[in-house]
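Colleague: Can you walk me through this one? I'd like to start with helix packing, then the ligand, then a few odd spots.

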Amino acid sequence: MKKLFIAVSFLSILFCGCNKNSSWQSFSKDKTIEQKVDSVLALMTLDEKIAQMTQFASNGEIITGPASESDVARYLREGTIGSVFNTVTVENNRTVQDAAMQNSRLKIPVLIGFDVIHGFRTIFPMPLAESCSWDLDLMRKTANIAAQEASSVGIHWTFAPMVDIARDARWGRVMEGAGEDPYLGSLIAQARVKGFQGESWESLKETNTILACAKHFAAYGAAEAGRDYNVAELSERTLHEIYLPPYKAANEAGVATYMTAFNEIGGVPCTGSKYLFTDLLRKDWGFGGFAVSDHTAVKELIAHGVAKDEKEAAALAVNAGVDMDMADGVYIENLKKAVEEGLVSESVIDNSVRRILEMKFILGLFDDPYRYLSEEREKSTLLKPEFLETARDAVRKSVVLLKNDNSYFPLDKNKGQTVALIGPMVKNQRSLNGEWAGRGNRNESVSLFDGLMEKYKDSKIRFVYAEGCDLITNDRSKFMQALSVARQADIILVAMGEDFNWSGEAACRTDIRLPGAQQELLKELKKLNKKVGLVLFNGRPLDLSWEHENIDAILEAWYPGTMAGHGVADVIAGDYNPSAKLTISFPRNVGQVPIYYNHKNTGRPVDPANPKVDYRSFYLDVDNSPLYSFGYGLSYTSFSINNLKLDKTSMTKGGSIVVTADVTNTGKYDGAEVVQLYIHDITASVTRPVKELKGFEKVSLKAGETKQVKFEVSEKNLMFYDLNMNYTAEPGAFKLWVASSSADETNEADFELE
Ligand code: BGC
């Protein structure tokens, strides 16, 4: 035992510092690290190797007495397992490393993971909300702050970004991603990966960055009927064109790890898919990091019906290329036997262990397992004032103005009036962070009420308040009091939404209207014949058809996080002019889902001028279009896009076309417009979407100002998987639009690819 410790300590000294010349793309290209990994591997028994491929959750209290301890507690105490997750303080993470250093034979440092999804201690708007800012720098910055905070308590690895494309509002996890579009989703995936990890893998040597994890590979967002964990029933083409691009983009940005998805695709559960984890990810895309299963997903191969017991499940997953097993202990309990019986070769185990150890070397953990751990850093990093300021900025940039009749918003500070604040989200703090809110303190998030009180403290507005109802139940007992408070007021501002548990994992809904008695309360308030505005706090697109018809103004604030009330108050008061645009369609009702802008035409598309002609692809009861489209969002000012020009209308192979347009702020407020470029391939060897986003620019404009936007359309933007699944661009006619949303077709032009 002593001898080995000396050997490892000696190796640690020898291993100090990583090779500066290694490439970002393939971690395994670093020869120095490769040699170090091999020398550790040479010391390891099969049991020790398999333990490195194992991850368990812990609250940090792992030194339990042997008499009553569970298997997991024993594994944690022995200090041999590769990774621990859910330990979120320096103190607890030190305990985890101590177990490895003091109790294990080889003293291999432990990799510590956690779901740092939209902030660690400072909670930012939920990822879907942030995506509506279309501000890649902002998203990179918030991911970076999350990394700074998480790493300050000794976390090395986040299970984020979640890059699953989502087209179905019933699915609770739409809140975690970047919406429905593969192009925007890919750019956001890259921004978030770089935010967590830094610019290059050299940055991972710093103690203020963390490993990212692109999840859930693959097509978890395609869960049938929007029911979590359900099968993803989709064509090879849709998989490649719609769902895979963000995962691929994450690899291009150098993501260190991937997580498996719970679902199956075409009869193959992703956690056992050799196609996904070996052929596509490693061989085609050249991924050099390691893959972890989702929580107990290896064991679930039995319930899926592709493995008869845990041993078969372990063999299937590891042979597919899943290096680490999260939470279920299936590898550690079964892999040795699987190797002995020849179901898994030891070289497969060695490769997985190599990938895991490599990451520990890259992070410098062999040099010093405690290098991330400092109480002082934890104290000085969490909730830094500048982090909170960024969080506030992220809130106002994520809030989408869906409707604003008669300029209900902004609420003028100088107008002497009484505003009735009604609804369960006015004073609610608990739900503001939404799901997956790290170590965020739900009692610290700024309520809308507190945000407004601070904002309007020296104003002429007088506020009165009543809760009216709760977020969930049908209890109408507080209606009367709310109505009497509302009667005293000149206008009514209602705050409603979903409890944070109503979106997120295993939080799917078949009715996506406002839950409980909330809509009933709105209906009663409407009868008072006063102007009514609605601020929504929720995790998914809701069916807002009634609200759209009947309420003057609707502000979608999502789950905004720690600085919720301040950021939303900035928008309500007009100190920030809303600039966000939806990245997911809002259906007219749940019967329309899945609904997305980049759909196919069909052989019988409706004629928009005459939509109800028989034997066309339509519904008898509602229009085909969503209530609010992808790319839609209002501002307090107005914009117009004019003067669309193409420098040529014919593109040669390998060439490009320059597209320009003028965007003018035609209203009274300064503001920002997200100008969007969409393209449609009219005729091809396979059917193409009616339009696809291929570029965008967020342009800030003073009132009255005009700026030119410029896009370069290249052959790359016209590529797709042809009849034979070759990724190519086919000659022919195309249409493009420079637009304010996916529904805006005012500025249209034609061109061709020669
Ligand atoms: C989720 C993952 C998450 C993991 C660990 C699972 O249930 O699907 O997204 O990273 O738990 O918390």
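Colleague: At what angle do helix α7 and helix α16 pack?

Modeller: This is a predicted model, to begin with. In it, α7 (residues 136–151) and α16 (residues 385–398) pack at about 145°. Their axes are 11 Å apart.

Colleague: Left-handed or right-handed crossing?

Modeller: Left-handed, as α7 passes α16.

Colleague: Which residues make the contact?

Modeller: From α7, L138, K141, T142, I145, Q148 and E149. From α16, F387, T390, D393, A394 and K397.

Colleague: And how do the residues of that contact divide into nonpolar, polar and charged?

Modeller: Four are nonpolar, three are polar and four are charged.

Colleague: On to the ligand. Which residues come nearest?

Modeller: There are 13 residues around the ligand. D115, R173, H216, D294 and E505 come nearest.

Colleague: How far is a polar side-chain atom of H216 from an oxygen atom of the ligand?

Modeller: The distance is 2.7 Å. K215 also places a polar side-chain atom by a ligand oxygen, at 2.8 Å. For D294, a side-chain N or O atom is 2.6 Å from an oxygen atom of the ligand.

Colleague: What kind of peptide bond joins K215 and H216?

Modeller: A cis one, with omega at about 0°. H216 itself sits in strand β5, which covers residues 213–217.

Colleague: Now V593 to P594. Is that peptide bond cis or trans?

Modeller: Cis, with omega near 0°. P594 belongs to the loop between α21 (564–572) and β17 (639–646).

Colleague: Backbone angles next. What is the phi of A225?

Modeller: Positive, about 60°, although A225 is not a glycine. A225 is in the loop that runs between β5 and α9 (236–252).

Colleague: How much relative accessible area does A225 have?

Modeller: A225 has 44%. That makes A225 partly exposed, because the partly exposed class lies between 20% and 50%.

Colleague: And what about the phi of A506?

Modeller: A506 is not a glycine either, and its phi is positive at about 55°. The loop between β14 (491–497) and α19 holds A506.

Colleague: Is A506 buried or exposed?

Modeller: Exposed. Its relative accessible area is 54%, and the exposed class starts over 50%, so A506 qualifies.

Colleague: What about K527, where is that?

Modeller: K527 is in the loop between α19 (518–526) and β15 (531–537). With a relative accessibility of 57%, K527 counts as exposed.

Colleague: How far apart are the C-alpha atoms of K527 and G440?

Modeller: They are separated by 39 Å. Along the chain, the two are 87 residues apart.

Colleague: Last topic, T257. Buried or exposed?

Modeller: Buried, because its relative accessibility is 0% and the buried class is anything under 20%. T257 is part of strand β6, residues 257–260.

Colleague: What does the side chain of T257 reach?

Modeller: The backbone oxygen of A212, at 2.8 Å.

Colleague: Which residues is T257 in contact with, leaving aside neighbours within four places in sequence?

Modeller: W157, A212, C213, A214, F287 and F290. So A212 shows up twice for T257, because it is on that contact list, where contact means heavy atoms within 4.5 Å, and its backbone oxygen is what the T257 side chain reaches.

Colleague: Thanks, that covers my list.

How values were computed: Residues are numbered from 1 along each chain as its sequence is written. This is a predicted model: local features need pLDDT of at least 70, side-chain atom pairs count only at pLDDT 80 or more; totals for chains, interfaces and linings use all residues. Side-chain values use heavy atoms; hydrogens and water are left out. Axes are lines fitted to C-alpha atoms, for helices over the stretch in contact, and angles run from 0 to 180 degrees between N-to-C directions. Helices (H or I, at least four residues) and strands (E, at least two) are DSSP runs, numbered from the N terminus. A crossing is left-handed if the near helix is turned anticlockwise from the far one by less than a right angle, and right-handed if clockwise. Ala, Val, Leu, Ile, Met, Phe, Trp, Tyr, Cys and Pro count as nonpolar, Asp, Glu, Lys and Arg as charged, and the others, Gly among them, as polar. Buried means under 20% relative accessible area, exposed over 50%, partly exposed in between (1.4 Å probe, protein chains only). A residue is near a molecule or strand if one of its heavy atoms lies within 4 Å of it. A polar contact is a pair of N or O atoms within 3.5 Å; within protein, one must be able to donate a hydrogen and the other to accept it, and residues adjacent in sequence count only if both atoms are side-chain atoms.
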